[in-house]
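Visitor: Could you take me closely through one part of this protein, namely its salt bridges, and tell me how the charged side chains are placed?

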Amino acid sequence: MSRLYGIDREIKKRLDAKYDPEHERQAREWLELVSGEPFPSDDFQESLKDGVILCKVMDKISPGTIKYKKSNIPFVQVVDAIFSVSRYAHKNGFDAPYLGPKLADKREVQFTQEQLNASKAIHSIQYGYTGGANQSGMSFGSRREISG
C-alpha cells in the first residue's frame, strides 16, 4: 500500500480509530451461527468483501428475497450493516441473538376528542414571532444614495 499524506492520512486515522475488533468478533460469530457455514478465510474483511456471506444470511432470514451480486460497500459500513440486520432479524422473530442495542418498539398514541379540541385553542404565535422579517424597502440593482 502506498504511503498516505495530508488529509488522506487523517481520514485513515479516523477510520482506524472507529474500528472495533470486539464488534468484528461478535459479527463473525453471529454470521457463522445464522448462515450455518464457517468463513472462507481467517481475514474477516476479505471474506465479506464480495457480500456473498451477507446475502446468504439474508436468504436464511427471509428465504427467496435476496439475489447474490458483488458489493463495493466500505468495510466499516458492512460491520454496521451486520449489526442492523441482526437486530431487525431478531425483532421479526428470527431465532438468533441480536448484536448491539435493542430496537425500540413503535408506540402509537391515541388522543381523545377532548385533547384534540384543546389543541385547537393553542395560538401558534406563542412559539415564535413570525411577523417582522420581510424585504420591504429593499431595492436591488439601483444606486445607493449617499449624501453628506
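Guide: What follows is a close look at the salt bridges, taken from a predicted model. Side chains of opposite charge can pair when their charged atoms come close. The count here comes to 5 salt bridges, and helix α2, which spans residues 21-35, is a good place to begin. Within helix α2, E29 pairs with R25, their closest N and O atoms being 2.6 Å apart, and the two residues are separated by 4 positions, about one turn of the helix. E29 is partly exposed, at a relative accessible area of 45%, and R25 likewise counts as partly exposed, at 38%. This pair does not stand alone, since E22, R25 and E29 are linked in a network of salt bridges.

Another pair in helix α2 joins R28 to E32, again 4 residues apart and about one turn of the helix, with 3.6 Å between the closest N and O atoms. Here R28 is buried, because its relative accessible area of 17% falls under the 20% limit, whereas E32, at 26%, counts as partly exposed.

Beyond the helix, E37 forms a salt bridge with K56, the closest N and O atoms lying 3.2 Å apart. E37 sits in the loop between α2 and α3, while K56 belongs to helix α4 (residues 52-61), so this pair ties together parts that are 19 residues apart in sequence. Both partners are partly exposed, E37 with a relative accessibility of 36% and K56 with 29%.

Conventions
Residues numbered from 1 in each chain as written. Predicted model: local features only at pLDDT ≥ 70, side-chain atom pairs only at ≥ 80, totals over all residues. Heavy atoms only, no water. Salt bridge = Lys/Arg side-chain N within 4 Å of Asp/Glu carboxyl O. Buried < 20%, exposed > 50% of the residue type's maximum accessible area, 1.4 Å probe, protein only.
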